[in-house]
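Let's take a walk through a protein chain together. Have a look at the fold below, turn it around a little, and then read on.

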Amino acid sequence: MKLLGFVVLILATSVSLAIPCGAPENRQFDFWVGDWQVHRPDGSFAGMNRITLEYGGCVVHEHYTTGRGYSGESLNTYDAARKLWHQTWVDDSGLLLMLDGHWDGQSMLLEGIAAGADGALTKQRITWSPSPDGSVRQLWESADSKGAWVVVFDGQYTKR
């Protein structure tokens, strides 16, 4: 009987490892999946965001629109080889933002380099923090010329 249990354990482990994106790390950004309204700290409407799991759960796909002529999307995936999360963001202004980072146990924190408002390459950091009520805060910051973080966008996500 003990041998049978051992064989079942080996088979179950093999199956879980064979499932693409089946590791716990691949589920760290699932808190962001859903249909969201996004508001700024002053309560004003910022946009709508639809976050879906695609490609067998390997990709977290973001579709953002303000309803006022701005839209963009991101593809997010856990890169097991590098042991980090990667996001590629593109939008209708021509912005390309590539970020890498990790889940720190409370928030998803991704960083990268992109052109700032003046065209100079600038360090970017975006943090997504889930709340117990099911909402998510997204805080996008950019480093100024002295290296201090300046808020680019602060959005509170609530389910639609």
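Tyr-55 is a good place to start: this residue sits in the loop between β2 and β3. Keep in mind that you're looking at a predicted model. Phi of Tyr-55 is near 55 degrees, which is a positive value in a residue other than glycine. Most residues other than glycine have a negative phi. Is Tyr-55 buried or exposed? With 63% relative accessibility, Tyr-55 counts as exposed.

Cys-21 has a positive phi too, near 60 degrees, and again we're dealing with a residue other than glycine. You'll find Cys-21 in the loop between α1 and β1.

**The overall layout**

Now zoom out for a moment. The protein chain has 1 helix and 10 strands. Reading from the N terminus, the order of elements is α-β-β-β-β-β-β-β-β-β-β. In other words, the helix comes before the strands.

How much of the chain is buried? Of the 160 residues in the protein chain, 35% are buried. The protein chain exposes about 9,300 Å², and carbon and sulfur atoms supply 62% of that area. As for who touches whom, take the contacts between residues at least 6 apart in sequence: 28% of them join residues at least 24 apart.

**A sulfur link**

Back to Cys-21, since this residue has a partner. Which residue does a disulfide join to Cys-21? The partner is Cys-58, with the two sulfurs 2.0 Å from each other. Cys-21 is in the loop between α1 (2-18) and β1, while Cys-58 is in the loop between β2 and β3, so the pair links distant parts of the chain, 37 residues apart. A disulfide is a covalent bond between the sulfur atoms of two cysteines. The count for this model comes to 1 disulfide. The link of Cys-21 and Cys-58 is right-handed, with 110 degrees about the S-S bond. Cys-58 counts as buried, because its relative accessibility is 17% and buried means under 20%.

**Salt bridges**

Next come the charged side chains. The count comes to 8 salt bridges, and here are some of them, with their N to O distances:

| Residue | Partner | Distance, N to O |
|---|---|---|
| Arg-50 | Asp-35 | 3.3 Å |
| Asp-35 | Arg-160 | 3.7 Å |
| Arg-137 | Asp-154 | 2.8 Å |

Did you spot Asp-35 in two of the rows? Asp-35 meets Arg-50 in one salt bridge and Arg-160 in another. Asp-35, Arg-50 and Arg-160 are therefore linked in a network of salt bridges.

What does the pair of Arg-50 and Asp-35 tie together? Arg-50 lies in strand β2 (residues 45-54) and Asp-35 in strand β1 (residues 34-39), so this pair connects parts that are 15 residues apart in sequence. Both residues are partly exposed: Arg-50 has a relative accessible area of 45%, and Asp-35 has one of 29%.

The other bridge of Asp-35 spans a bigger number of residues along the sequence, 125 in this case, as Arg-160 lies in the segment after β10 (149-159) and Asp-35 in strand β1. Arg-160 counts as exposed, at 51% relative accessibility.The remaining pair in the table is Arg-137 and Asp-154, whose side chains meet at 2.8 Å, N to O. This pair also links distant parts of the chain: Arg-137 is in strand β9 (residues 136-143) and Asp-154 in strand β10, 17 residues apart. Arg-137 counts as partly exposed at 35% relative accessibility, whereas Asp-154 counts as buried at 18%.

**Arg-68 and its neighbours**

Where does Arg-68 lie? Arg-68 lies in the loop between β3 (59-65) and β4 (71-79). Arg-68 is exposed, with a relative accessible area of 53%. Set aside the neighbours within four places in sequence, and Arg-68 is in contact with Arg-40, Phe-45 and Ala-46. Take Ala-46 from that list: Arg-68 and Ala-46 are 22 residues apart in sequence, and their C-alpha atoms are 9.6 Å apart in space.

**A nonpolar patch**

One last stop is on the surface. Which residues make a nonpolar surface patch of about 260 Å²? Val-90, Leu-96 and Met-98 do. Met-98 has its place in strand β6 (residues 96-103), and this residue is partly exposed, with a relative accessible area of 46%.

How values were computed
Residues are numbered from 1 along each chain as its sequence is written. This is a predicted model: local features need pLDDT of at least 70, side-chain atom pairs count only at pLDDT 80 or more; totals for chains, interfaces and linings use all residues. Side-chain values use heavy atoms; hydrogens and water are left out. A salt bridge is a side-chain nitrogen of Lys or Arg within 4 Å of a carboxyl oxygen of Asp or Glu. Helices (H or I, at least four residues) and strands (E, at least two) are DSSP runs, numbered from the N terminus. Buried means under 20% relative accessible area, exposed over 50%, partly exposed in between (1.4 Å probe, protein chains only). Contact means heavy atoms within 4.5 Å. Accessible areas come from the Shrake-Rupley method with a 1.4 Å probe; for residues, only the protein chains shown count as cover. Patches are made of residues with over 30% relative accessible area and no salt bridge: like charges are joined within 9 Å, nonpolar side chains (Val, Leu, Ile, Met, Phe, Trp, Tyr) within 5 Å. A disulfide is a pair of cysteine sulfur atoms within 2.5 Å.
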